[in-house]
Amino acid sequence: MIGFKVQDFGIGCDAKSCTLNPEPFRSIHLRTSTFVLHPSMNSPSGKLVIISGPSGVGKSTVVKQLLQDCELPLCLSVSATTRQPRQGEEEGKDYYFLQLDEFQRRREAGEFLECFEPYGNGIWYGTLRETVATGVTAGEWVILEIEVNGAMEVMKAFSDAITIFILPQSTEQLKEQLAGRGTEDAEATRQRLKRADYELSLKDRYRHHVVNTTVPEAVQEICDILNTYANRPEGEPTV
Ligand code: 5GP
């Protein structure tokens, strides 16, 4: 196992995001933890699956059901966020809810594979490197349910990640659903509605599109897509 310093991996942070350049490492010794990150991340021992879609499209519901119904060894990468927990959300299950200073400390320590502040309101979200590395090396298919900017950073770094974008049946329906959801205040809803158009404009960056007609149908479709990757050699093109 080779030991590296954080700066060996080209971790770059700016005011909005921080990312990791994975080349050319294969293993990282960072502080007291050892992470093994394969440059492809679709190593024989596990795969990286990115699922995005605009806020309100039902991603979390679909992903939760997918984890229950799909027979593949899927696991969800629990992200960190600085937003307040919603009713019913649990620490360590839905998110790691961090104070901003703790999030920034961990960001500066290079603990995020990617992180982003999507709504320009000071609320950050980030994928913890250790969570992903632990899952992939344990042979799991690690699902990142993340927004498009973070997703594009991960795609740049891990080009054979399996990428899926969940679409609403119609933009109008999405907007109605988001406005009627009641989990955000009026300003946060306005930010999310504005952001939805941007997210939809980037759908073609993803290899697969799934319309969330009904949750069971979307889950089945995603599971079918993932199954096309089972037993494939690394890097083989998609269907
Ligand atoms: P919510 O506040 O509704 O849970 O999430 C808002 C947005 O942040 C969603 O699009 C969700 O997919 C995204 N998100 C959740 N975790 C992460 C993460 O670790 N990184 C990034 N870039 N986006 C995330």
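Aspartate 94 is buried, with a relative accessibility of 18%; this value falls under the 20% cut-off, and the residue is therefore assigned to the buried class. The assignment refers to a predicted model, as do the other values reported here. Aspartate 94 takes part in a salt bridge with lysine 64, the side chains meeting at 3.4 Å from N to O. The two partners come from distant parts of the chain, 30 residues apart. Lysine 64 belongs to helix 1, which spans residues 59-69, whereas aspartate 94 lies in the loop between strand 7 (80-81) and strand 8 (96-97). Lysine 64 has a relative accessibility of 48% and counts as partly exposed. The bridge thus pairs a buried aspartate 94 with a partly exposed lysine 64.

Side chains of opposite charge can pair when their charged atoms come close. In the structure, 11 salt bridges are found. One of these joins glutamate 102 and arginine 105, whose side chains meet at 3.2 Å, N to O. Both residues lie in helix 2 (residues 100-108), and because they are 3 residues apart there, about one helical turn separates them. Glutamate 102 is partly exposed at 26% relative accessibility, and arginine 105 is likewise partly exposed, at 39%. Elsewhere, salt bridges with shared partners connect Arg83, Arg86 and Glu89 into one network. Within this network, the side chains of glutamate 89 and arginine 86 meet in a salt bridge at 4.0 Å, N to O. Arginine 86 has a relative accessible area of 22% and is partly exposed; the value lies between the limits of 20% and 50%, so the residue is not classed as buried.

The chain as a whole was also examined. Its secondary structure consists of 7 helices and 13 strands. The chain contains 239 residues, of which 51% are buried. Aspartate 94 is one of the residues classed as buried. The accessible surface of the chain amounts to about 11400 Å², and carbon and sulfur atoms account for 49% of that area. With regard to contacts between residues at least 6 apart in sequence, 68% join residues at least 24 apart. The salt bridge of lysine 64 and aspartate 94 likewise connects distant parts of the chain, its partners being 30 residues apart.

How values were computed
Residues numbered from 1 in each chain as written. Predicted model: local features only at pLDDT ≥ 70, side-chain atom pairs only at ≥ 80, totals over all residues. Heavy atoms only, no water. Helix = DSSP H or I, 4+ residues; strand = E, 2+ residues; numbered from the N terminus. Buried < 20%, exposed > 50% of the residue type's maximum accessible area, 1.4 Å probe, protein only. Contact = heavy atoms within 4.5 Å. Areas by Shrake-Rupley, 256 points an atom, 1.4 Å probe, with all protein chains shown as cover.
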